[in-house]
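Q: Please take a close look at one part of this model, the metal sites. Describe what holds them and how they tie into the rest of the chain.

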Amino acid sequence: MKIGCHLSASGGYLAMAQTAVSIGANVFQFFTRNPRGGAAKPIDKEDVAAFSRYAMENGIGPILAHAPYTLNAAGAEQRVRDFAEATMLDDLKRLSLTPGALYNFHPGSHVGQGAAAGIDLIASMLRRVFAAMGGEISTTVLLETMAGKGSEVGRDFGEIRAVIDAAGLPLGVCLDTCHVWDGGYDIAGRLDETLEEFDRTIGLDRLKAIHLNDSMNVCGARKDRHAKIGKGKIGLDALAAAINHPLLRDLPFYLETPCDLQGYKEEIALLKGLRK
Ligand code: FE
Ligand code: FE
Ligand code: ZN
């Protein structure tokens, strides 16, 4: 089973991998830079080399890099969109040092311009970023399914599909269990039906990663408040069913619950124990 959690990137790649192993994880997620800020720390190539060796020896991966929250390709202001484009391009260049990584980003918020305009802005940014990378993208770029808070794009599977169609690029999807639940998909009562709808609308071949979170709110609340595993409204039985579902079980699961390291270690042990 591929399972891990979000980790602090402050100590570098090797430190993250060692931390992952110390809590029973074999995958992990990290922010490419301060989630609310701008510039990234320069990459230490020796750290990357040491990490790559360690990851190989310990069966770590795929790693999932998360774009900063401030990246909004659908922003109304040119300045905001320029930051999104420059940041994603820089992130993908940095990730080319760790081939095979996944890169997850929030599609964006259309801030009143309407979903259709937001979708066009996101797709055109992605086309420019991919073009600037040439044929050299060793990273799989993932759109995250969103809760639909405010003017978030990606509030349902149809909006994710629309971005993929408009971009015409080999994009993947990261399904966040808290977000889809908050977005109105009853994964506790209707997981099979939800996955059928995902397959019809987007295609399960695009699904590359799961953010495994419980939710503090009821299905459809559009709130996006993550809860600890089994401590929220989705519940332990439903999350256990998700990690064992034949269509999901081989995917990597990344916890983003409100836990410290010890809490993550306990959640990972709990979920491994529920794995059939
Ligand atoms: Fe996210
Ligand atoms: Fe998430
Ligand atoms: Zn969230």
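A: What follows goes through the metal ions one by one and then turns to a strand beside them in the description.

The model is a predicted one. We start with the iron ion (ligand 1), which is coordinated by H66 (NE2), H106 (NE2) and E144 (OE) at 2.1 to 2.2 Å. Along the chain, the donors of this iron ion (ligand 1) follow the spacing H-x39-H-x37-E. H66 belongs to strand β3 and E144 to strand β6, so this pair ties together parts that are 78 residues apart in sequence. H66 has a relative accessible area of 1% and is therefore buried, the cut-off being under 20%. E144, at 1% relative accessibility, also counts as buried.

E144 has a second role in the site: this residue bridges the iron ion (ligand 1) and the iron ion (ligand 2), and the two ions lie 3.3 Å apart.

The iron ion (ligand 2) is coordinated at 2.0 to 2.2 Å by E144 (OE), D176 (OD), H211 (ND1) and E256 (OE). The spacing of these donors along the chain is E-x31-D-x34-H-x44-E. Strand β6 (residues 140–144) carries E144, while E256 sits in the loop between β12 (253–255) and α9 (261–274); the two residues are 112 residues apart, and the pair links distant parts of the chain. E256 is buried, with a relative accessible area of 14%.

What is the arrangement of the four donor atoms around the iron ion (ligand 2)? Their angles range from 85 to 172 degrees, and the arrangement is therefore irregular. A tetrahedral assignment would need all angles to lie between 85 and 135 degrees, and the upper value of 172 degrees around the iron ion (ligand 2) falls outside that range.

The zinc ion (ligand 3) is separated from the iron ion (ligand 1) by 5.3 Å. H179 (NE2), D224 (OD) and H226 (NE2) coordinate the zinc ion (ligand 3) at 2.0 to 2.3 Å, and these donors follow the spacing H-x44-D-x1-H. H179 is in helix α6 (residues 177–182), whereas D224 is in the loop between β10 (214–215) and β11 (226–227), so the pair ties together parts that are 45 residues apart in sequence. Both of these residues are covered: H179 counts as buried at 2% relative accessibility, and D224 is buried with a relative accessible area of 15%.

The strand that carries H66 leads on to the neighbouring sheet pairings. Strand β3 (residues 64–66) runs parallel to β2, and three bridges join the two strands. Within this pairing, A65 of β3 is the bridge partner of F30. Between β2 and β3 the chain passes through helix α2 (residues 45–58), and this β-α-β crossover is right-handed.

On its other pairing, β2 meets strand β1 (residues 3–6) in the parallel sense, again over three bridges. Here F28 in β2 is the bridge partner of C5. The path from β1 to β2 goes through helix α1 (residues 13–22), and this β-α-β crossover is right-handed.

Strand β2 (residues 27–31) is mostly covered, with five of its five residues buried. Both of its faces are covered: V27, Q29 and F31 on one side are buried, and so are F28 and F30 on the other.

Note on methods
Residues numbered from 1 in each chain as written. Chains lettered and ligands numbered in written order. Predicted model: local features only at pLDDT ≥ 70, side-chain atom pairs only at ≥ 80, totals over all residues. Heavy atoms only, no water. Buried < 20%, exposed > 50% of the residue type's maximum accessible area, 1.4 Å probe, protein only. Helix = DSSP H or I, 4+ residues; strand = E, 2+ residues; numbered from the N terminus. Pairing = 2+ DSSP bridges. Right-handed = clockwise from strand over helix to strand, strands pointing away. Donors = N, O, S within 2.8 Å, 3.2 Å for Na, K, Ca; no water. Tetrahedral: all angles 85-135°; square planar, octahedral: opposite > 155°, others 65-115°.
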